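Work through the following exercises with the coordinates open, and try each one before reading its solution.

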Amino acid sequence: VVPILCYHQFGRGNRARNKMEVSQAAFEQQMAFLKDNGYSVVGLDDLQAFLSGDRPLPEKAVVITIDDGYRSVYE
């Protein structure tokens, strides 16, 4: 099983403004959790190669995706 984390919109500070937004503080906590627990971020191309049987993945692989192109993603 490879978790795929999908983010939509990023907010500043400690509180999200809506259900589709993750606050800066929450995102930092989530990324720290992944790092502290030995997860390796891999790309979708790596996942596709793994699913096709062409390439192994690290034991604790995770994919991070960002939906849409809001300015908060760029910033």
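**Exercise 1.** In this predicted model, find which residues Cys6 is in contact with once its neighbours within four places in sequence are left aside, and decide whether Cys6 is buried or exposed.

*Solution.* Leaving aside those neighbours, the contacts of Cys6 are Thr65 and Asp67. Cys6 itself belongs to strand S1, which covers residues 4–7. The relative accessible area of Cys6 is 53%, and because exposed means over 50%, Cys6 is classed as exposed. As a check on distance, the C-alpha atoms of Cys6 and Asp54, which are 48 residues apart along the chain, lie 24 Å from each other.

**Exercise 2.** Test whether the end-to-end distance of helix H1 agrees or disagrees with the span expected at 1.5 Å a residue.

*Solution.* Helix H1 runs over residues 24–36 and so has 13 residues. The expected span is 1.5 Å times one less than the number of residues, which gives 18 Å for H1. The end C-alpha atoms of H1 are 18 Å apart, in agreement with that expectation. Just after H1, Gly38 adopts a positive phi of about 75 degrees.

**Exercise 3.** Classify the ring pair formed by Phe33 and Tyr39, and state which lysine lies over the face of Tyr39.

*Solution.* The aromatic pairs number four. In the pair of Phe33 and Tyr39, the centres are 6.3 Å apart and the planes make 35 degrees; because planes under 30 degrees apart count as stacked and those over 60 as edge-to-face, this pair is tilted. The lysine is Lys60, at 5.1 Å from the ring centre of Tyr39.

Notes
Residues are numbered from 1 along each chain as its sequence is written. This is a predicted model: local features need pLDDT of at least 70, side-chain atom pairs count only at pLDDT 80 or more; totals for chains, interfaces and linings use all residues. Side-chain values use heavy atoms; hydrogens and water are left out. Helices (H or I, at least four residues) and strands (E, at least two) are DSSP runs, numbered from the N terminus. Buried means under 20% relative accessible area, exposed over 50%, partly exposed in between (1.4 Å probe, protein chains only). Contact means heavy atoms within 4.5 Å. Rings of Phe, Tyr and Trp (its six-membered ring) pair if their centres lie within 6.5 Å; planes under 30 degrees apart count as stacked, over 60 as edge-to-face and the rest as tilted. A charge sits over a ring if NZ of Lys or CZ of Arg is within 6 Å of the ring centre and within 35 degrees of the ring normal.
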